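This report describes the strand arrangement, the nonpolar cores and the helix packing of one protein model. The sequence and structure are shown first, and the description follows.

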Amino acid sequence: VGAGGRADRVSNRECARLWRAQRPGRMTVEVAGDVLGACLRGRPSQDGVVCVPLKTLAKTPRDSPGVATRMPPYAVCEAVTRAIWAFAKMQAELSTTAGPEEAAAQLPQQSASGGLPMAKRSRKEGGRGDQVNYIFPATSQPTQTQSQEEQANTPSSEAALAHAGGALAVALAQAAGADATAAPELAARVRAMALSALGFWREVSLDLSKAASSLYRFLENQRPLYWHRPPWRGVNLGGWLLLEPGPSAALFNQFGGASCEWTLMKRMKASLGAEKAAEVLKAHRETYIIEEDIRRVKEMGFNAVRIPFGYWVITPPASEDEFMGPCLEYLDRVLTWCDAYGLQVLLDLHGAPGGESGEKPCGRERKDWQWNNWRFNDSLEALRIVAHRYRGHPAVTGVAVCNEPSETVPADVLCEFYDGAVRTIRGAGMRPDEVSIVLPVYRTERLHEIW
């Protein structure tokens, strides 16, 4: 222990004592990777060591109260997720042609330094290993089903857990800024992820409901590894940057009770002229949501707002559309207010180019709407502009790629759009550990089809 010194194996308590005695960045703790592998299999190594290999130990910034703060760098979560998911899938594929034990024997072995599953290490009787705290103490394990716990003792599960341990050890060793004190909790979640991934790939071709449960458990343990924000608890700023008869009733009632923004704009232009109609709409956008509203949202104890907007707020409306825009300055302004009052923002592309349905919530009600009226490429471009403009903004923690897509949109087409939307948003610079992407499944009756 010590910069440039010999790496000794020490107990948790001794490691913590030495850490407190050193300045951050001056002490390193190097531990053989098979130690972590043994712990991931649910038992201590023969030496009773439960530390993890790290090149540097640096404290991570603390976040808001009640939120997990001891997170590894995002690169660790990404590397471990890829390794666990691919390994579980490979195991499932091998199991279809061979028995579970044969499949486990056929899997590649990996060392902690090489990126493949670590070889098992047997525990000797007696010694310090009998006295050390387990890295997966019963009181801190994530909730799992009994079947998962039983599966943890099978050969395939042993291999998966060993692989997860190797992947975690390598990722931590390569990462800067990892917090060593988070090692036990991190390893416990990685263990649960490995078992859940194994369950998913075993079940996905047999029972979708069971596979969905395994996937849920996987994500339940994965998300805390990289997401540091509290859950959204907030209100919707509807009727502002996409007009609907309910929240924008006062404006709609002035012009004969139009059913949607598209029809309202057409009537306003016919009644007032294009220039005067633009002035009326501008007055609405200027006054409907003001800083006092954002202050009151915070004062009432909420932590987030959802901002629905039409594509015409982001890009010029198509020639056949009656909408008026763009007007990104309103998004810029409200995001500044939200940042000042500590509110998270979910940006919601509520009205897609061509409409994600023929219903009024997307901006234009059309009885003759068909799913191929939805201009998917133009939607991706609007999302790209949003993501590029607001990447890194401290208030933006979510982007919804559409709202209530029609049930007539084929599932494969919708999922293809969702894949493209995720790639577009991430490619524009919005990181997974900073911004969540919302992919609506509307309605719940479609869950099985989408799944």
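## Sheet, cores and helix packing

In this predicted model, strand β3, spanning residues 344-351, pairs with strand β4, residues 396-400, in the parallel sense and over four bridges. Within this pairing, L347 lies opposite V399 of β4. Both strands belong to an open sheet of five strands, ordered β1-β2-β3-β4-β5 and paired in parallel. The edges of the sheet are formed by β1 (234-236) and β5 (436-438), each of which pairs on one side only. On average, neighbouring strands of the sheet are turned by 20° against each other, direction ignored. Strands of a sheet pair through backbone hydrogen bonds, either parallel or antiparallel.

The residue L347 also appears in the description of the nonpolar interior. The largest nonpolar core comprises 58 residues, and L347 is among those with the most contacts inside it, together with I307, L331 and V334. At least two residues of this core come from each of the strands β2 (304-310), β3 and β4, and likewise from each of the helices α12 (291-299), α13 (328-340), α14 (376-390) and α15 (411-427). When residues up to four places away in sequence are not counted, V334 touches L237, W240, I289, I294 and I307. A second core, separate from this one, has 27 residues, including L168, A171, F218 and L225.

Two helix pairs are summarised below.

| Helix pair | Packing angle | Axis separation |
|---|---|---|
| α14 and α15 | about 25° | 9 Å |
| α10 (261-272) and α11 (274-287) | about 130° | 7 Å |

For the pair α14 and α15, the angle is about 25°, which means that α14 is roughly parallel to α15, since angles under 35 degrees count as roughly parallel. The crossing of these two helices, α14 and α15, is right-handed. On the α14 side the contact involves F376, S379, L380, L383, R384 and A387, and on the α15 side V413, F417, G420, A421, T424 and I425.

Helices α10 and α11 pack at an angle of about 130°, and α10 is therefore oblique to α11. The crossing of α10 and α11 is right-handed as well. Here α10 contributes E261, M265, M268, K269 and L272 to the contact, while α11 contributes A274, K276, A277, V280, L281 and R285.

Terms used. Residues numbered from 1 in each chain as written. Predicted model: local features only at pLDDT ≥ 70, side-chain atom pairs only at ≥ 80, totals over all residues. Heavy atoms only, no water. Pairing = 2+ DSSP bridges. Axes fitted to C-alpha atoms, helices over the stretch in contact; angles between N-to-C directions. Core = buried A, V, L, I, M, F, W, Y, C linked by side-chain atoms within 4.5 Å. Buried < 20%, exposed > 50% of the residue type's maximum accessible area, 1.4 Å probe, protein only. Contact = heavy atoms within 4.5 Å. Parallel < 35°, antiparallel > 145°, perpendicular 65-115°, else oblique. Left-handed = near helix turned anticlockwise from the far one by under 90°.
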